[in-house]
Amino acid sequence: MDPEIAKTQEERRKMEQQLASMTSLTFDTDLYGGNDRDAYVTSIPVNEDEDNLDSLMDNEVARKLASYTAPKSLLKEMPRGSDENDDVSGFKKPQRIIDREDDYRKRRLNRVISPERHDAFAAGEKTPDPSVRTYADVMREEALKREKEETLKLIAKKKKQQEEDEAASDKPLPADSSAAAAPKRRNRWDQSQDDGGAGAAAAKKAKTASTSDWDLPDTTPGRWDATPTPGRLGDATPSASVGRRNRWDETPTPGRVVDSDATPAAGGVTPGATPAGMTWDATPKLAGLATPTPKKQRSRWDETPATMGSATPMAGATPAAVTPGVTPVGGLDLATPTPGAINLRGAITPEQYNLLRWEKDIEDRNRPLTDEELDAMFPQEGYKILDPPASYVPIRTPARKLLATPTPMGTPLYAIPEENRGQQFDVPKEAPGGLPFMKPEDYQYFGALLNEEEEEKMTSDELKERKIMKLLLKVKNGTPPQRKTALRQLTDKAREFGAGPLFNRILPLLMQPTLEDQERHLLVKVIDRVLYKLDELVRPYVHKILVVIEPLLIDEDYYARVEGREIISNLSKAAGLATMIAAMRPDIDNIDEYVRNTTARAFSVVASALGIPALLPFLKAVCQSKKSWQARHTGIKIVQQIAILIGCAVLPHLRSLVEIIEHGLLDENQKVRTITALSLAALAEAAAPYGIESFDSVLKPLWKGIRSHRGKVLAAFLKAIGFIIPLMDALYASYYTKEVMVILIREFQSPDEEMKKIVLKVVKQCVSTEGVEADYIRSDILPEFFRNFWVRRMALDRRNYRQLVDTTVEIANKTGVADIVGRIVEDLKDESEPYRRMVMETIEKVVTNLGASDIDARLEELLIDGILYAFQEQTSDDANVMLNGFGAVVNALGQRVKPYLPQICGTIKWRLNNKSAKVRQQAADLISRIAVVMKQCQEEQLMGHLGVVLYEYLGEEYPEVLGSILGALKAIVNVIGMTKMTPPIKDLLPRLTPILKNRHEKVQENCIDLVGRIADRGAEFVPAREWMRICFELLEMLKAHKKGIRRATVNTFGYIAKAIGPQDVLATLLNNLKVQERQNRVCTTVAIAIVAETCSPFTVLPALMNEYRVPELNVQNGVLKSLSFLFEYIGEMGKDYIYAVTPLLEDALMDRDLVHRQTAASAVKHMALGVAGLGCEDALVHLLNYVWPNIFETSPHVINAVMEAIEGMRVALGAAIVLNYCLQGLFHPARKVREVYWKIYNSLYIGAQDALVAAYPTLEDEQNNVYSRPELMMFV
Amino acid sequence: MQASDRFNINSQLEHLQAKYVGTGHADLNRFEWAVNIQRDSYASYVGHYPILAYFAIAENESIGRERYNFMQKMLLPCGLPPEREDD
């Protein structure tokens, strides 16, 4: 065995050396490709079989098992309960904000809540105290910071230079800065990374997410120290990958960690030992680079320790060559799901606590056995204790140590001091004084609340703080009522608490890393309320607040963004423009791009709150800043954000805004040029379709720009032009389009995704502009456009896909259907499904927009053929595109589709019989879409046939499919009518009755629609008994959640009552009034009213009124409610019945029960409104006498109903009569009475001011005042 | 007003009503109400042309003069407000 192993190791070493020499070379990544080398096999397994064994096993098992399991398609179809439950629950689980943030957004945590600043307004003329920070101080600090950054950059550059020199002179040294050149992922928030000194900046900004497989998880939490130490910068490794949080990513490949402690032993393997001056974390990297773990080697984090057992002795046996890449020991140790790496990053959640506790427990049990334990286990004789080999190096401990390295946050395992005997383990300590539950991460903020004993000794300030903390905790974690009162207290006492203590408590909470959405929302709400109260007191804290609120402006959650805007807007109104500018000015040229970005957005909100003109002078100065390009960049960005934020409201200031930024197009800094172009685009978009004259001055530089620039800048310029062209009038638009098209067509081939999107957008805008003719598009744009964009690759990215479809549809609007469809119709048979889908969607949109009259016979044939092919070949779940496309084309072609219908129906029938539920559902859906066209083509026989087929499938199990089948049947019944329907209605309906029991929403909806349709049109085909049976089923459906279903059910009652007479249906419904559920009763009353409407009221009223005699609250209320609905529906018809129901209403209006009176009042209202002007005044006055005493009710619903009844009376009886009722109480000695009467008077007055003039009482004149109205006495 | 109906529709209704000139409240006195009545009456006379014409015939004035008079009278329709007792 030994020689064998030696041999393999020999081979390995050779390979490593080879590789080591290779890594020191710089590859041309374009030629060789960046990742190809990862695929190389760089180490050979110790035991050659071992590696393949499990995969073989897998295959073996898989092969054998395959014969036992059901086909995959069946398995896939299996309904998965757990998944559905997750979806069905409906509520989003509380989610931590930080979990969904990307690296860029996470940079908010880098910001420091700055100390309060000097408030020049409050201080007046006084010289500020040297201890407070004034504007000048802040500016100075910023300048210092910038300078420091510059210096650091220089140092880093120098160091890097040095290292490179060193590397060049010492060739075999595998350490190389190539690791530093790890690919930088750029995201769209951030564009500041591609200028000079990027490497150092990247390391500092903690944004570089290295994709290299072998970099160690960082142990220096870069977040906590904003300024990097030069030492760390120096080593130029991408170790500052704080952004990488995924635990799985961090699972180290075995080789690496072993290396970290095996370096001395492996020294012979890696020539060129650790260079001096390297930090410890660089060491493993060196070794790691020397022995890159092969990609093929699977991560073994979940393997059983058995492997470890077999591998370790091997390493022990061959001490000379500790093969780091092979022994998986260290890797396995590490690979237990250790959250250690996460813990380094700040406060930990309860789950992590649990995980840690659990892990500690496991580790204790699995700790290495001590000598005593071994002695106890083994017999004393027959064994000999051997010395470990000299070269044996214990592996585990350092690997552990590595994990347990203390961090600035303290070791996470040591959470709670031991001395505290009162600590209850696991159970959180009961918070005193009814305070809500505290989460572990809240302790650092609210921990002080837990010790009550000191409360007596506190000063008033401390007590105040304590009060604030209590209230905040209640807002954050309390129950809704607690929260409400706490919020109100905070608001009411805001000025008393003072701005300082409040914000010092609130703002750190908002920076808490474990904050959840809901908590943030509540805290932001607190700030909002408090702001309103504090008003100008808030000034010294403006910057502090901005630091925590600005990140909301770039949150991905829309409501968070709106909230952020609202706060900043209120803040600027409270603090005033000068303070806002003073607070934000230093951030405008901050070194951190994140700060500048958020500041620009905040400024735009300030502009929209305080008006653009107020901000213009400042903006102008910033945009022309000579000192730093960052200031200019931010200034121009502010303009962009203003345009985006306030939309067309920029129009009055358009010219000044353009003037402010126009010089940016010629700026020497590329980024400023880019942002200027983007801002112009935003302005033009906001101003569209007006304001072209404001852009006159920038047209020339833009046009020059697109000829001289390349890449990103060009993309931005093109975007600007794309948005400006639609503003022009036809002549100019056509000219400029032709000009720009040359460049656009050149850029069609650009491989850059961003450029592609912009080009597509610009083409879309140019094409849709008025002056651009179809001929020009056809000849100049189309060939290149289709050659470059209509390729499979475009279908793979969703945004590209969307953009391309939109642009093509826009082109089709100009050139017509035939041109576009003709070009892409062949692609319906393409072999790539996403591509086919894109083609289908385009065709659907084009045909829906423009119809199919352009399509000639040949194209029509191709189209149908292609669509059938694409429809049949689809495999993916997203079936709607194909379905919609099919439906749209068939509907557009209309009668021309007749020859193809048999074929289409054949396909449908075949697919209805498919074993996949999705396919069946889709086929049924397709029938409902094309039923109308089939009727147009007079294919009634075919439809009858399909009807029979669908009828046979009514036993379908999957509710979604069943719903679709019912929908298809409904569509067929609708177009061919009841008499011609096959199967005949009398067979169909009894089959539907049991389906009505189905609780699935889609089934219910489609079924009730179908039944309702039949009841409406073909009730005579079905015996009355069947209808009664259906009536009973329908009662159950009144419970449905969906309003549409309930409405359809109620309507169906009406149809059925019409068909079989109201008596039986009514009896059913009246019985249903006795049920407990309110919703059910309400729906029943509506149904009764509808029956009354369809079968005339006289058939229903006697039974209904008789039912009122049942001495049961629910029934009587139900009757009253039915009456109310009834009179609402029958309107004028009510005049014949009003006298009949008056005694009933009299009784109800005198009932003790509030609801009786309320419902009766609303019945009176509907009645009065219905019979206005029809001569029923006597009855109405009588009823008003019963309504009137209820005006003093306090219950909101009752008083509402009573007031509305009186309003109804005003309409029916005239304002004068109601005024007479009013006059008695307007000057009543009791205020309570006056208040109510004046309320009635006021609504009377608003409703019929003019009519009252004639009815006002005659007032006696007083000594000085004339109250009489002599004009009314005039008589001719 | 009760705490419960501070936020319901009725309170909004009152607020809504208060926005109209001419509506009243529990503390309105005789004079104020009378002023509203007078002004409403004059506005109504001016607004209905046939009534204006009727008054013109009765008073033997031109319609325009009548309208002007009514509008003038709307300024202080009941004379100066009486001294408040409580001040």
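## Where chain A meets chain B

In this predicted model, 27 residues of chain A are in contact with 29 residues of chain B. On chain A's side, the elements that put in two or more residues are helix 60 (1196-1213), helix 62 (1231-1247) and helix 63 (1249-1252). Helix 62 of chain A gives the most, with 10 residues.

What kinds of residues make up the side of chain A that touches chain B, sorted into nonpolar, polar and charged? You'll find 13 nonpolar ones there, along with seven polar and seven charged.

## Chain A as a whole

Now step back to the full chain. Chain A has 63 helices and zero strands. Of its 1276 residues, 39% are buried.

Contacts within chain A also reach along the sequence: take those between residues at least 6 apart, and 76% of them join residues at least 24 apart.

## A pair of helices up close

For a look at how two helices pack, try helix 22 (residues 460-477) and helix 25 (residues 499-510) of chain A. Their axes come within 10 Å and cross at roughly 35°, and the crossing is right-handed.

Helix 22 of chain A brings Lys464(A), Glu465(A), Ile468(A), Met469(A), Leu472(A) and Lys476(A) to this contact. From helix 25 of chain A come Pro501(A), Leu502(A), Arg505(A), Ile506(A) and Leu509(A). Sorted by class, the contact between these two helices has seven nonpolar residues, four charged ones and no polar ones.

Conventions. Residues are numbered from 1 along each chain as its sequence is written. Chains are lettered from A and ligands numbered from 1 in the order in which they are written. This is a predicted model: local features need pLDDT of at least 70, side-chain atom pairs count only at pLDDT 80 or more; totals for chains, interfaces and linings use all residues. Axes are lines fitted to C-alpha atoms, for helices over the stretch in contact, and angles run from 0 to 180 degrees between N-to-C directions. Helices (H or I, at least four residues) and strands (E, at least two) are DSSP runs, numbered from the N terminus. A crossing is left-handed if the near helix is turned anticlockwise from the far one by less than a right angle, and right-handed if clockwise. Two residues are in contact if their C-beta atoms, placed from the backbone, lie within 7 Å. Ala, Val, Leu, Ile, Met, Phe, Trp, Tyr, Cys and Pro count as nonpolar, Asp, Glu, Lys and Arg as charged, and the others, Gly among them, as polar. A residue is buried if 20 or more other C-beta atoms lie within 10 Å of its own, exposed if 12 or fewer, and partly exposed in between; C-beta atoms are placed from the backbone.
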